[in-house]
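Biologist: Could you take me through one part of this model up close? I'm new to this, so plain words, please.

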Amino acid sequence: MAKKNTGDVSSGKKSAVQPKAPPPYEAIHFVDTQQPVWNYSLFSDDDVRNFQQGTHYRLYEHFGNHLLQVNNVAGTYFAVWAPNATFVSVVGHFNQWNTEAHPLKVRLDQSGIWEGFIPGIGQGEAYKYHIHGFQGVRLDKGDPFAHYWEKRPHTASIIWDINHSWKDGEWLKARKKANRLDAPFSVYEVHLASWMRPDPNNEEIYNTYAQITERLVPYVKDMGFTHVEFMPVMEHPFDGSWGYQGTGYFAPTSRFGEPADFAAMVDAFHQEGIGVILDWVPSHFPYDAHGLFMFDGTHTYEYADMRKGYHPDWNSYIFNYKRGEVKSFLISSARFWCDRFHADGLRVDAVSSMLRLDYSRSAHQWEPNEYGGNGNLEAIAFIKDLNETLYRDFPAVQTIAEEATDWPGISRPTFDGGLGFGMKWMMGWMHDTLDYFKMDPVFRQFHQDKFSFSMMYFYDENFMLPLSHDEVVHGKSPMIYKMPGDEWQKFANLRLLYTYMFTHPGAKLLFMGNEIGSTLEWNYKSELPWHLLQFDCHRGMQHCVRQLNKLYQSQPALYEKQFEPGGFEWIDLNHRSESVMVYSRVGKKTSDRLIIVMNVTPNVRKDWEVYVYGKKNWKEIFNSNDSSYWGTGDVYNTEVTGTLVDKKTQCYRLTLQLPPLAAIVLK
């Protein structure tokens, strides 16, 4: 994750208190009620005990707001954890933000849970918890378990029921196969606010979830991606954090509509056979006054020791993974998105920062663990429990770690000593590949190891190859301008890079805009430069990616053994000076074998010889230089007949024509 600034849109200061009466929310109606809070609880003794022990992973069924009928009277039950509070009340438009009118009752079991039922208030009411905290501090906090929040810059929570009738039953059955490691897994990463806007010149106006659904679902379907990944949709106060500084861990952002609208979008993807992965951020949270920071006047959710509790990179705070209640909160959040919104996977952000006590800290800014190491033992235990819980309760999902170090066993089962993720981003492949393709082709012959090194460690983990949002921001340039050469060579190089990505073992991830050869760095304030598709070069790039997705899904050799040693074989790495590299991909059937030949220079290679075993006749099924991709289209191979070289070993010599700055795939 890139370094992202946070901002307190409500106060601008860490210690400031929210105003008691924020501007009225347009959907709210006033309720004339003087009803006192009734004693009522959704917690059993076992619920409380498991919550405290860090083993209650369905807290959203108890905490937050719940529309109920008690003694045939309709109203809302509230529950909040504030262990160091001396007084908690519910304030909102319904009581004119009167801090004394509706006090909650604290449980007598020393759990720190405040709860109660308020008759007469229902869906659409804005509210906060007014808290008398440590040393008399007065706080107005949003509900950590709310499913809906006011649209920023307003910061109140809203009583809301998700209430969506799902129609994705067929997908939930099919994803057991679609999400397997031996199935094609091609992800389109999307920032919902900036993929497409109703007014490209007005950053304050967004498409609704329904409008996004209408446009994005058919686009992802047409492009052939198997999954879409949303950068964080959880409620967050500051647009510039891209969603990575969250306050609502149980709420899709209100920027685009209601929770049911978000559910309908996920449902629509599922009905088209497309999986939905959500970015999820358990590594840190911002200091906004209405959020989790100093929730009851003390370090409730974060570590009190700022050597562990403060993130210097992101000006944010780190969850206290040792505290049972915090662990229950976080795993309940992860489970919530899979349960109530049918998420098919979670991409867990900034895992490296969670695992290491010395992450981004100098020698005197951290303290070793009890064994003298730099591992955060509590975070490690939390991550293992997280993955065990999700795979137990939702066996068809995938959890994916953004982890950029050599920490062992990230995507290995916990019973085998690993952390239990399904996949891990292959950051080393990304860095080496981009470094290699940025070079002038003249110099690539001297750096071939950057190209081939990934297969030296590929089988250590279940890797996803990411060309994500982080690679096209903060002055790093868009993908097309990372490529050397004139305009034609830039596009040829980028098509070549994408072909390498899609034929390399592992799952794939491509950030929005990369598929059209965007000429702009990504900016969260504006939409993608869709106007570029009027030009043949960009339209050809888009079509190339579309066809690569089709190739990936239609050829079992590219996915059946994508995480197994038997699925890949180098054929020729011995022509460094010509910069031609050849490798093979193999599926469960040897007849599905593919040969990929990459010519990474602008020189056409005539009558190039490649030696293969077992098969005489081959056919070119993909050529990144095809004219429909804005290639020259004049160097290709139709039917390729091998010449027998060794009858005993069934070795054949293939004579090929290699287009410039291009890859061909033979079957």
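Modeller: Let's start at Cys651, keeping in mind that this is a predicted model. Cys651 is buried, with a relative accessible area of 7%. Another cysteine, Cys338, is buried too, at 3%. You might wonder about disulfides here: a disulfide is a covalent bond between the sulfur atoms of two cysteines. The count for this model comes to 0, since a pair would need its sulfur atoms within 2.5 Å.

Now look at the strand around Cys651. Strand β28 covers residues 651–658, and the sheet it belongs to is an open one with 3 strands, in the order β24-β28-β27 and with antiparallel pairing. The edges are taken by β24 (605–613) and β27 (643–646); each has a single partner strand, so one side of each is left without a neighbour in the sheet. On average, neighbouring strands here are turned by 35 degrees against each other, direction ignored. What holds such strands side by side? Strands of a sheet pair through backbone hydrogen bonds, either parallel or antiparallel. Between β27 and β28 the pairing is antiparallel and runs over 3 bridges. If you want a spot to click on, try Thr643, which stands opposite Arg653 in β28.

While you have the model open, here are two side-chain spots elsewhere. Arg347 lies over the face of Trp425, 4.3 Å from the ring centre. Lys508 has its charged end over the ring of Tyr552, at 4.9 Å from the centre.

Note on methods. Residues numbered from 1 in each chain as written. Predicted model: local features only at pLDDT ≥ 70, side-chain atom pairs only at ≥ 80, totals over all residues. Heavy atoms only, no water. Pairing = 2+ DSSP bridges. Helix = DSSP H or I, 4+ residues; strand = E, 2+ residues; numbered from the N terminus. Axes fitted to C-alpha atoms, helices over the stretch in contact; angles between N-to-C directions. Buried < 20%, exposed > 50% of the residue type's maximum accessible area, 1.4 Å probe, protein only. Lys NZ or Arg CZ within 6 Å of the ring centre and 35° of its normal.
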